[in-house]
Amino acid sequence: VLHQDNIAANNPDPSVQTEISSATSPTGSSFSPALPTAFAATPTSVLSWTPAASNFGVNNVSITAQDANGRTVTRNYILAVNTVPVFASTPVTTATACTPYSYQVVATDDNIPFGDNVAIVNADGPFPAWLSLVSTGNGTATLSGTPSAGDAGTYTITLGAQDFYHATTGTPTQTFTITVGPDITPPVITGPGNIIVRNNLGTCGAAPTFAATASDACSNPA
């Protein structure tokens, strides 16, 4: 994105003219009119620069002005380059009670290869007790958990992507709703394999017994 600064110089003594004589600025920037300017009561020039992603961070600018008597003054300032992160992943918006839920969150930022760091954060109040957010690297995280039978319902979630300069450029957010449905998985019965029972005529013995268990994602029925 093109950035422009209007540079102006003046002298407390209006009878002495001044020029913007020189500057140190980021590579690729330019001044219009070019420096040094012509002597004037208030000389001006416009600094124009379109930074690349590789210019991430602090870039120094130094402007020097000189009056007709040879006196000089220098103004120093910085241009901080930052690209705002963008969410690149699509939220998982449905879940089932007693079944693990997982959403792999991804935010991209062109400055990451040049030293920026993006953290995925909870941007709007606490998560429900069954849900947690774990960072998995720069710009990535996993939102996961297992809702219980009593957690069926809807939950509004807002995630934020905070980079190094988020305090000044703001934090982009992603808001979505997770709908937790009731448990739909039937119980599972586990028992012995095939058993052959022989009954010999004229003999008696103890009746065989067989063990079987039932399990369910939400509970363990008898």
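This is a short walk through one structure, which is a predicted model.

I will start with the strands. Strand 13 covers residues 153-162, and four bridges join it to strand 10, residues 119-122. The two run antiparallel. Strand 13 also pairs with strand 14, residues 173-181, through eight bridges, and that pairing is antiparallel as well. If you want one residue to look at here, take Gly160. Gly160 is the bridge partner of Val121, and Gly160 also stands opposite Thr173 in strand 14.

Next, the covalent link. How many disulfides does the count come to? The count is one. Cys98 and Cys218 form that disulfide, with their sulfur atoms 1.7 Å apart. The link is right-handed, with 105° about the S-S bond. It connects distant parts of the chain, 120 residues apart. Cys98 sits in the loop between strand 8 (94-96) and strand 9 (101-108), while Cys218 is in the segment after strand 16 (213-215).

Are these two cysteines buried or exposed? Cys98 has a relative accessible area of 15%, so Cys98 is buried. Cys218 comes out at 29%, so Cys218 counts as partly exposed.

Cys98 has one more feature. Its phi is positive, about 70°, although Cys98 is not a glycine. For background, most residues other than glycine have a negative phi.

While we are on the backbone, there are two cis peptide bonds to point out in the loop between strand 3 and strand 4. One joins Ser32 and Pro33, with omega about 0°. Another runs from Leu35 to Pro36, with omega near 0°. Again as background, most peptide bonds are trans.

Now charges. A search of the whole structure finds one salt bridge. The side chains of Arg71 and Asp67 meet there, at 3.3 Å from N to O. The two ends have different surroundings: Arg71 counts as exposed because its relative accessibility is 51%, whereas Asp67 counts as buried at 6%.

Last, the aromatic rings. The search of the whole structure finds six aromatic pairs. I will show two of them. In one, Phe56 and Tyr165 have their ring centres 5.8 Å apart. Why is this pair called edge-to-face? The planes are at 70°, and edge-to-face applies to angles over 60 degrees, so the pair fits. Phe56 lies in the loop between strand 4 (44-49) and strand 5 (57-67). Tyr165 lies in the loop between strand 13 and helix 1 (166-169), so the pair ties together parts that are 109 residues apart in sequence. Phe56 counts as buried at 16% relative accessibility, and Tyr165 counts as buried at 16% too.

The other pair is Trp130 with Tyr155, also edge-to-face, at 5.7 Å centre to centre and 75° between the planes. Trp130 is in the loop between strand 10 and strand 11 (132-137), and Tyr155 is in strand 13, 25 residues apart. Trp130 is buried, with a relative accessible area of 10%.

There is also a ring cluster. Which residues do ring pairs link into a cluster? They are Phe56, Phe164 and Tyr165.

To close, go back to strand 13 on your screen: strand 10 is joined to it by four bridges, strand 14 by eight, and Tyr155 lies within it.

Key: Residues are numbered from 1 along each chain as its sequence is written. This is a predicted model: local features need pLDDT of at least 70, side-chain atom pairs count only at pLDDT 80 or more; totals for chains, interfaces and linings use all residues. Side-chain values use heavy atoms; hydrogens and water are left out. Two strands pair if DSSP finds at least two bridges between them. A disulfide is a pair of cysteine sulfur atoms within 2.5 Å. Buried means under 20% relative accessible area, exposed over 50%, partly exposed in between (1.4 Å probe, protein chains only). A salt bridge is a side-chain nitrogen of Lys or Arg within 4 Å of a carboxyl oxygen of Asp or Glu. Rings of Phe, Tyr and Trp (its six-membered ring) pair if their centres lie within 6.5 Å; planes under 30 degrees apart count as stacked, over 60 as edge-to-face and the rest as tilted.
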